[in-house]
Amino acid sequence: AVPLIESPKQMVFRDKREAMEALKDLLKEKGVPSSATWDQALNLIKKDPRWETLSKLSEKKQAFNSYKIQRQKEEKEEQRLASIKSKEDLEQFLLTTDRMTANMKYYKAEEIFSDLPLWKSVGETERREIFSDVVHNLSKKEKEFSKSLRK
């Protein structure tokens, strides 16, 4: 018996808006970045049946541009959250590593930790602020500890 080859089914949507959303979902599923050009996106999605949901090229381009704006906002938010996490992770690391002391100078920390991805993932200005905060906190802890030993 010869296997039947199914032709891609034409997808049906209630209205144009729903069809545009399907096209945006397709772009998202294929991982099309906000920086992609129309041609780059086309190469990733043209074989999918959802590509045919909108018949007019202008509608497809409108959906694509709308997707790009939305994706740009999402990427920006993802970067912002990753940046916050990197700062928190660096601070936690510096507070808990045995190689850090309250008397350490920034240049010394730079020598010790500069090879760590965690150190590199935070910008210079923020890294100096975090370092300063950690030194302050460690200094407080050391004072409290020596106070408790005197009692």
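**Notebook: helix 2 and Lys 60**

I began with helix 2 of this predicted model, and I noted that its buried residues pack against helix 1 (16-29) and helix 3 (57-96). Looking up which residues these are, I found Trp 38, Ala 41 and Ile 45, in a helix that runs over residues 38-45. Viewed down the axis of helix 2, the buried residues fall within an arc of 65°, so I recorded that they line one face of the helix. I then turned to the other side of helix 2, where Asp 39 and Asn 43 are exposed.

My next entry concerns Lys 60, which lies in helix 3. I asked myself which side chain of opposite charge is nearest to Lys 60. That side chain is Glu 52, 4.0 Å away, and I noted that Lys 60 is buried yet has no salt bridge. Setting aside neighbours within four places in sequence, I listed the contacts of Lys 60 as Leu 23, Trp 38, Trp 51, Glu 52 and Leu 54; Trp 38 is also one of the buried residues of helix 2.

Finally I looked at the chain as a whole, which has six helices and zero strands. I compared its radius of gyration of 27 Å with the value near 15 Å that a compact globule of 151 residues would have, and I noted that the C-alpha trace spans about 85 × 40 × 30 Å along its principal axes. Of the 151 residues, 28% count as buried, and the chain exposes about 11100 Å², of which carbon and sulfur atoms supply 53%. Among contacts with a separation of 6 or more, I recorded that residues 24 or more positions apart account for 64%.

Methods
Residues are numbered from 1 along each chain as its sequence is written. This is a predicted model: local features need pLDDT of at least 70, side-chain atom pairs count only at pLDDT 80 or more; totals for chains, interfaces and linings use all residues. Side-chain values use heavy atoms; hydrogens and water are left out. Buried means under 20% relative accessible area, exposed over 50%, partly exposed in between (1.4 Å probe, protein chains only). Helices (H or I, at least four residues) and strands (E, at least two) are DSSP runs, numbered from the N terminus. The arc is that of the directions from the helix axis to the C-beta atoms. Contact means heavy atoms within 4.5 Å. Lys and Arg count as positive and Asp and Glu as negative; His and the chain ends are not counted. The radius of gyration is taken over C-alpha atoms; the globule rule is 2.2 Å times the number of residues to the power 0.38. Accessible areas come from the Shrake-Rupley method with a 1.4 Å probe; for residues, only the protein chains shown count as cover.
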